[in-house]
Amino acid sequence: MQRYNILWADDEIDLLKPHILFLEQRGYDITPVNSGADAIDEFEGNNFDIVFLDENMPGMSGLETLTQIKSLRPNTPVVMITKSEEEYIMEEAIGAKISDYLIKPLNPNQILISVKKILDNKRLITEKTNHSYQQEFRNISMAFGDDLSHSEWAAIYKKLIYWELEMEKIEDSGMYEILEMQKNEANSNFSKFIIDNYEQWLNDPDSDKPLLSHQLMKKKVIPEIREDRPLFFIVIDNLRYDQWKIIEPTISEMFNIEEEESYYSILPTTTAYARNSIFSGMLPTDMAQKNADIWVDEDEEGGKNNFEDKFIERQLKKLNLSVKFSYNKIKHLNEGRQLVDNINNLYKVPLNVIVYNFVDMLSHARTDMAMIRELAPDESAYRSITKSWFEHSPLIDALRKISTTNAKVIITTDHGTIRVKKPFKIIGDRDTNTNLRYKQGRNLGYTPGNVMEILKPEKCFLPKQNMSTTYAIATEDQFFVYPNKYNHYAKYYRDTFQHGGVSMEEMIIPIISLNSKNA
């Protein structure tokens, strides 16, 4: 067992000998001193794991000693001990980044708990986390043998994300590898679940189905529109559930989270299909047939998301809603700043739709730019970049402004992404689309197996360029590669984040309702 060195400064240190003996019997080495000046001398010449400081010492006070200790080694934990319960002393000590605050008379167990909380915190959390996950591991693995519903799959995914984020804190690579294996097993079973049920969800009105992309605005956004309160509907593209959990604490400082739910993206899980489906309130075949003037097919030139405002307008009209709305798509930093500058003008608008493209740009940049590939080699780093971007983005500035009003905020996304690892060989003709996670074409050639085959696209409400069009959708962590230069492209795209296929990460996505804390 590791022994820790503790420096304890108190002008009545002799009266604390029973407490010192209590700690020494439990494996801690104590260096006692009578003053702040002596504490500084000891601290300059030796390494200590923690410092106890009495606040009310003659000569150099505890707060003055604390300032010098923090200037020498700012990361050393300090526990302030005082007889006084004066609030200003407590505030000054907390402002100086103390690790704990104890009030005399001291109880030996009180001191031991403080020491363990600071010094043994990581070990104790690691042991508890590993033990708790081992119990959860068995429960999740046993659930794979059951006939799970869409809501149960969403619950399993959220559990796995919870443990992934917990494992990230303790940095236990061995247990993290076990969790990764379980996530892979979960995605394998989830893919079979989608293959077995997706078509029925779209065709059987009585089937037990989740909320899907084309129902999102009608069921979750439209009911929240009020003339006396602005509603901000913010779609951050490619925002996975784990990325939401990373930015949630920052948002929670400004907003109360009224509801955190999930819904399922339609297939393919791409911006062209899923996001257009959100804004039109339609499935892709209906979009193509009833909005032929603004729907862009796979074989047509032009951006496939250039008419989102038109889709919103037509959906509102279809629902007989004559409501004023604004639409802002943010693709560049300057556009984000312009949104912040203009936010006051949006408070008078009942519905404000904001599309933020940054996360999508990040995922594609990670594929194309060597620097981003180095910065985000795995999910943990990818989450970290997302958090850093969010905390320094115009979006958080806009949310801060919105939080000072009585506005309602709904945050969601159109689909998630998955880190692809396994290349899957496929053959297509010159008209086949370029997406790595799904292919659409006339002459698709591949070995049947772990692929979702859609041989009759109309059954899944997917457009057909001609009578023989079929779809192949990648499952789990696969990505499609053509035989030409197979090894080169397999290596180039492996471990990049892609979307378009079937996985929990791409399909089970968050929708969050917020109310301001500061209104």
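Okay, let's start in a loop: Pro 268 sits between strand 7, residues 255-264, and helix 11, residues 271-280. The peptide bond leading into Pro 268 from Leu 267 is cis, with omega near -10°. Keep in mind that this is a predicted model.

There's another cis peptide bond to look at, joining Lys 104 and Pro 105, with omega about 0°. Pro 105 is in the loop that runs between strand 5 (100-103) and helix 5 (108-119).

Now, on to backbone angles. Asn 238 has a positive phi, near 65°, and it isn't a glycine. You'll find Asn 238 in the loop between strand 6 (231-236) and helix 10 (241-252). Buried or exposed, then? Asn 238 is buried, because its relative accessible area is 0%, and the cut-off for buried is under 20%.

Asn 320 also has a positive phi, near 60°. Asn 320 belongs to the loop between helix 13 and strand 8 (325-330). This asparagine is exposed, at 70% relative accessible area.

While we're in that region, helix 13 covers residues 308-318, and Lys 318 is part of it. Lys 318 counts as exposed, at 53% relative accessibility. On the surface, Lys 318 joins Lys 218, Lys 219 and Lys 290 in a patch of positive charge.

Zooming out to the whole chain: we have 20 helices and 18 strands, and 55% of the 519 residues count as buried. The C-alpha trace spans about 90 × 55 × 45 Å along its principal axes. As for charge, there are 61 positive and 79 negative ones, and their mean positions are 6 Å apart.

Conventions:
Residues are numbered from 1 along each chain as its sequence is written. This is a predicted model: local features need pLDDT of at least 70, side-chain atom pairs count only at pLDDT 80 or more; totals for chains, interfaces and linings use all residues. Side-chain values use heavy atoms; hydrogens and water are left out. Patches are made of residues with over 30% relative accessible area and no salt bridge: like charges are joined within 9 Å, nonpolar side chains (Val, Leu, Ile, Met, Phe, Trp, Tyr) within 5 Å. Accessible areas come from the Shrake-Rupley method with a 1.4 Å probe; for residues, only the protein chains shown count as cover. A salt bridge is a side-chain nitrogen of Lys or Arg within 4 Å of a carboxyl oxygen of Asp or Glu. Lys and Arg count as positive and Asp and Glu as negative; His and the chain ends are not counted. The place of a charge is taken as NZ of Lys, CZ of Arg, CG of Asp or CD of Glu. Helices (H or I, at least four residues) and strands (E, at least two) are DSSP runs, numbered from the N terminus. Buried means under 20% relative accessible area, exposed over 50%, partly exposed in between (1.4 Å probe, protein chains only).
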